[in-house]
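Me: I'd like to talk through how the terms for helix packing and cavities are earned here. Could you take them with me one at a time?

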Amino acid sequence: MRYCLLLSLLLCLSGTGRAQTIQPGTTQSGTSDMARMRQWYDRETIYLMGPNRYVKNNVMYGGHQQLKREFVISEGGMQLYLRSRRMRNIATVISLAGSAGSIYSLVTGNRNNVRTFFWISLGTGLVSSTLSMQANSQLGQAVWLRNRDALILLEQQR
């Protein structure tokens, strides 16, 4: 009984906010500036699917070179993107160095080195993970700036 009352209350409340209104900028044909902006936004903005892949206009693209080309319209976005790439490369080198040290200590069989390289490997793993997280954050900020600048470019073209 309580659930029926709650459900009917929710249905009533959701129905009251659906009054049809005319938005500013609506033309006789029914298309509005907002609809055109939404179409342009869907066509021109990008969102990340990973550090090397992104979607633009419902098409998946991959590779650093294609992603880098998207940042041509945004100077701030390009700087953050390049900083992100540099940090990701540093994280990769640190991770590989730690892994190589661990493998070396296991292959040589020297028990004195195993403990030392274990701690070095653990430390380089933590540093590498931290740098990778920072690189991902910078990449997200870069995409945000790029999309913002793309919208500003649209406004300037109007």
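Me: Is the crossing of helix 4 and helix 5 left-handed or right-handed?

Reply: Happy to help, and please keep in mind that this is a predicted model. The crossing of helix 4 and helix 5 is left-handed.

Me: What makes helix 4 roughly antiparallel to helix 5?

Reply: Helix 4 and helix 5 pack at about 165°, and their axes lie 7 Å apart. Angles over 145 degrees count as roughly antiparallel, so helix 4 is roughly antiparallel to helix 5.

Me: Which classes of residue make up the contact of helix 4 with helix 5?

Reply: That contact has 15 nonpolar, 17 polar and four charged residues.

Me: Why are helix 2 and helix 5 called oblique to each other?

Reply: Helix 2 (residues 33-44) and helix 5 (residues 111-157) pack at an angle of about 135°, with 11 Å between their axes. Roughly antiparallel needs an angle over 145 degrees, and roughly perpendicular covers 65 to 115. The angle of about 135° fits neither range, so the pair is oblique. As for handedness, helix 2 passes helix 5 in a right-handed crossing.

Me: Which residues make that contact, and how do they divide by class?

Reply: From helix 2 come Met-37, Trp-40, Tyr-41 and Glu-44, and helix 5 brings Arg-146, Ala-150, Leu-151, Leu-154 and Glu-155. They divide into six nonpolar, no polar and three charged. Tyr-41 is among the nonpolar ones because Tyr counts as nonpolar here.

Me: Now the cavity: how many are there of 30 Å³ or more, and what lines the largest?

Reply: The structure holds one cavity of 30 Å³ or more, and about 40 Å³ of space lies in the largest cavity. Its lining is formed by Pro-51, His-64, Leu-67, Tyr-81, Ser-84, Arg-85, Arg-88 and Leu-139. Helix 3 (64-70) and helix 4 (75-108) are the elements that give two or more residues to this lining, and the largest share, four residues, comes from helix 4.

Me: How do the lining residues of the largest cavity divide by class?

Reply: They divide into four nonpolar, two polar and two charged. Arg counts as charged, so Arg-85 and Arg-88 belong to the charged class.

Conventions
Residues numbered from 1 in each chain as written. Predicted model: local features only at pLDDT ≥ 70, side-chain atom pairs only at ≥ 80, totals over all residues. Heavy atoms only, no water. 1 Å grid on protein atoms, 1.4 Å probe; cavity = no way out; pocket = protein on both sides within 12 Å on 5 of 7 lines; lining within 4 Å. Points joined across faces, edges and corners; volume = space filled by probe spheres on them. Axes fitted to C-alpha atoms, helices over the stretch in contact; angles between N-to-C directions. Parallel < 35°, antiparallel > 145°, perpendicular 65-115°, else oblique. Left-handed = near helix turned anticlockwise from the far one by under 90°. Contact = heavy atoms within 4.5 Å.
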